[in-house]
Amino acid sequence: MALLELKNISKIYGDLKALDNVSIRVEKGEWVAIMGPSGSGKSTMMNIIGCMDKPTMGEVLLSGVDISKETARSLTDIRRDKIGLIFQQFHMVTYLTAVENVMVSQYYHSMPDEEEALEALGRVGLRDRARHLPSQLSGGEQQRVCVARALINHPELILADEPTGNLDETNENIVLGLFRQLHNEGTTLIVVTHDPEVAEAAQRTIVLEHGRVAREVINENFGK
Amino acid sequence: MNLKKLPLLNLKRNPGRTLALVLLTAVLSFSIFGGTVVVSSLRRGLGSLTERLGADIIVVPSQAQSKVSFQDIFLQGTVGAFYMSRENLTRTLEVEGVEKAAAQVFLASLKADCCSIRIQVIGIDPETDFVIRPWLEKSGSRGLKDMDVVVGTKVGAEVGETLRIYEERCHVAGKLAPTGTGLDSAVYCNMSTMKKLLSAAEAKGISHKVSSDDEDVVSAIYVKVKEGYDIGKVNSAIQGHTRKASAIRTRSMITDVSSSLLAISRVILGLIGAIWGMGFLLLFLAFAMIARERQQEFALLRVLGSTKKALKGLIRKEAFLCCLSGGFVGIGLACLLVFPFQTLIEMSLSLPYLIPEPSGLFLIALGALGASVASGFASSAFAAWRLSQADPGRLLRQG
Ligand SMILES: Nc1ncnc2c1ncn2[C@@H]1O[C@H](COP(=O)(O)OP(=O)(O)OP(=O)(O)O)[C@@H](O)[C@H]1O
Ligand SMILES: [Mg+2]
């Protein structure tokens with residue numbers, strides 16, 4: 001059974017088809033990149049996979065369960081339990097320190113554990129910045145906190161929408177290195193990107209155009 | 001960290017915003033607490049006045065100013081005296097329908113040695129008095145012996161001390177509980193003491209004589225009407241039977257006071273209402289602005305797995321914390337104004353004014369706190385609803 005399966009999903013806003021009959025399968029442990037021009041429906045798709053939105057038509061199977069029929073409340077539960085999200089803009093709770101931001105995620109998932117949160121920050125190289133507020137961190141550092149926050153609850157699936165879009169080369173490499181580690185640990189990754197280099201780090205690239213899957217490219221160089 | 005602390009952290013790390021919310025609620029609780037204390041002090045003052053007057057009719061000399069000065073002495077504690085012949089007491093008692101009548105004699109002291117203010121001395125006849133005696137007994141003062149005085153709560157002399165009035169030494173035998181009326185600054189003695197004081201005053205050139213041969217004078221006669229008799233008719237009968245005196249129904253005095261009390265209460269309640277309405281509107285706007293500003297944060301919390309209900313709870317808790325502390329601040333500020341400036345308030349309203357007992361004040365404070373918190377919840381309800389609708393998807397769509 002695939003971890004994620006989109007079956008003929010469409011998302012329609014008025015007369016705009018943001019997604020038009022898209023079908024995708026992602027196996028457990030896979031690392032998939034999504035590319036496509038602006039407005040091609042990448043974020044719309046991520047919103048649906050991330051249980052933040054429902055498709056107008058079609059089925060979304062997560063571990064075999066059709067989440068397009070679930071209530072808003074159980075979508076919240078699924079998102080909390082199974083999914084870690086990373087955005088292009090580093091969304092942090094502005095009045096919480098780095099470690100507190102990570103712990104918020106722990107809290108909603110299960111129980112806050114400061115030691116574990118600090119370890120996660122250590123993993124992204126920010127243990128010594130744990131007590132800083134977002135305003136005291138650089139953009140790259142904030143994004144690394146967001147990565148720590150996304151992985152703290154060991155989600156089965158990490159969704160990242162342009163995670164490196166606002167990062168310099170150094171921070172981009174740090175984040176890609178973390179993705180590689182997560183992949184090696186068996187986490188499934190879906191990464192939206194405009195950057196061919198980031199896409200090449202994945203096993204497979206799905207290209208969207210006008211809300212449809214235009215093509216898929218297998219990365220032959222993966223792991224080399 | 002614990003998520004329960006999230007609202008507290010938000011308030012702590014946005015001190016400017018928190019301060020604004022706290023001050024806004026402080027204004028609300030200030031107005032409701034301060035205003036309610038003033039209004040209920042006036043009500044209590046009126047109650048106490050009614051009780052102290054304790055008579056149906058009061059007979060005072062018919063000199064033009066005596067009715068006014070009697071009210072001033074009674075209500076505001078101004079110092080004054082006026083006299084009529086004691087014959088009027090006998091004549092009053094002769095009127096049909098009069099159950100009891102008791103005379104009082106007033107004397108305005110000069111600056112006594114003890115105190116910097118002039119005081120109103122009131123002589124009563126312990127035998128016949130039915131107005132002051134129950135009240136003297138309630139405050140635990142024994143019968144008034146010769147040269148004993150019992151002082152009102154505002155007179156600066158304590159039990160056991162000596163008070164010099166026109167060079168006569170009077171022994172302070174008791175102190176009365178506050179009444180909120182002008183009687184709080186008066187001193188009471190029996191008739192024979194009063195006679196001594198009157199002749200001492202005479203020696204200083206202050207005469208009380210009504211005519212050269214009539215030394216036996218009174219200032220006011222308190223009348224209790226027999227049950228079943230019409231007070232108005234008895235009043236006119238006394239008026240006709242006494243000489244150079246006018247009979248006033250105490251009801252008319254109380255009505256005067258209660259109608260000005262009503263007018264002032266209305267103004268105060270109107271003010272509370274206006275301040276409340278404005279404060280509430282401002283609070284509402286403040287919360288609505290905060291809701292706009294925090295869409296992003298709440299969308300993020302939704303993404304991290306918070307339910308809508310939990311988000312509403314977050315705003316409610318913030319509103320609760322702000323408004324509770326604002327409530328305390330407002331009550332504190334009101335206390336700083338209402339209590340130290342009590343005399344000033346009393347004087348400027350020129351109405352009987354009696355601050356509620358501590359237990360009553362506590363209840364008013366509790367009510368003001370409750371009202372602040374309730375208005376916090378109510379004014380933030382819209383913001384809470386809006387923020388709970390924060391769309392987690394918008395974070396992705398924004399890029
Ligand atoms: N809530 C919405 N209401 C109406 N139209 C929407 C909404 N969300 C997205 N769209 C439209 O759907 C289309 C796809 O948007 P989407 O955000 O998925 O694009 P994208 O591929 O992520 O683009 P980008 O690379 O610029 O982020 C766009 O034309 C967009 O305007
Ligand atoms: Mg997008």
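These notebook entries record what I looked up in the structure, beginning with the conventions.

**Conventions**

I worked with a predicted model, in which local features need pLDDT of at least 70, side-chain atom pairs count only at pLDDT 80 or more, and totals for chains, interfaces and linings use all residues. Residues are numbered from 1 along each chain as its sequence is written, chains are lettered from A and ligands numbered from 1 in the order in which they are written, and side-chain values use heavy atoms, with hydrogens and water left out.

**Entry 1: the contact between chains B and A**

I looked up the contact (heavy atoms within 4.5 Å). Chain B contributes 27 residues to it and chain A contributes 31. Together the two chains bury about 2700 Å², with 64% of this on carbon and sulfur atoms. Buried area here is the accessible area (1.4 Å probe) that two parts lose on being put together, summed over both.

I then asked which elements of chain B give two or more residues to the side that touches chain A. They are α1 (6–13), α9 (295–303) and α13 (394–397). The largest share, six residues, comes from α9(B). Helices (H or I, at least four residues) and strands (E, at least two) are DSSP runs, numbered from the N terminus. By class, this side of chain B has 11 nonpolar, 10 polar and six charged residues. Ala, Val, Leu, Ile, Met, Phe, Trp, Tyr, Cys and Pro count as nonpolar, Asp, Glu, Lys and Arg as charged, and the others, Gly among them, as polar.

**Entry 2: salt bridges**

I searched for salt bridges (a side-chain nitrogen of Lys or Arg within 4 Å of a carboxyl oxygen of Asp or Glu). The whole structure has 24 over all chains. Between chain B and chain A the count is one. It joins B:R13 to A:E100, with the closest N and O atoms 2.7 Å apart.

Within chain A, I noted a salt bridge between the side chains of A:K11 and A:D53 (3.2 Å, N to O). This pair links distant parts of the chain, 42 residues apart: A:K11 is in strand β1 (residues 4–13), and A:D53 is in the loop between α1 (42–49) and β4 (57–62).

**Entry 3: cavities**

I next looked for enclosed space. On a 1 Å grid over the protein atoms alone, a cavity is a set of points where a 1.4 Å probe fits but cannot get out, and a pocket is an open set with protein on both sides within 12 Å along at least five of seven lines; lining residues have an atom within 4 Å of a point. Grid points are joined across faces, edges and corners, and a volume is the space filled by probe spheres set on the points.

The structure holds three cavities of 30 Å³ or more. The largest has a volume of about 130 Å³. Its lining has 13 residues, and those nearest the centre are A:I83, A:G84, A:L85, A:S105 and B:L304. In chain A, α2 (72–82), β6 (83–86) and α5 (139–151) give two or more residues to this lining. I counted six nonpolar, three polar and four charged residues in the lining of the largest cavity.

The second largest cavity holds about 60 Å³ of space. Among the residues lining it are B:L21, B:F287 and B:R294. α10(B) gives the most to this lining, with three residues.

**Entry 4: the largest pocket**

About 320 Å³ of space lies in the largest pocket. Of its 15 lining residues, B:G34, B:G35, B:V38, B:I268 and B:L271 lie nearest the centre. The lining divides into 11 nonpolar, four polar and no charged residues.
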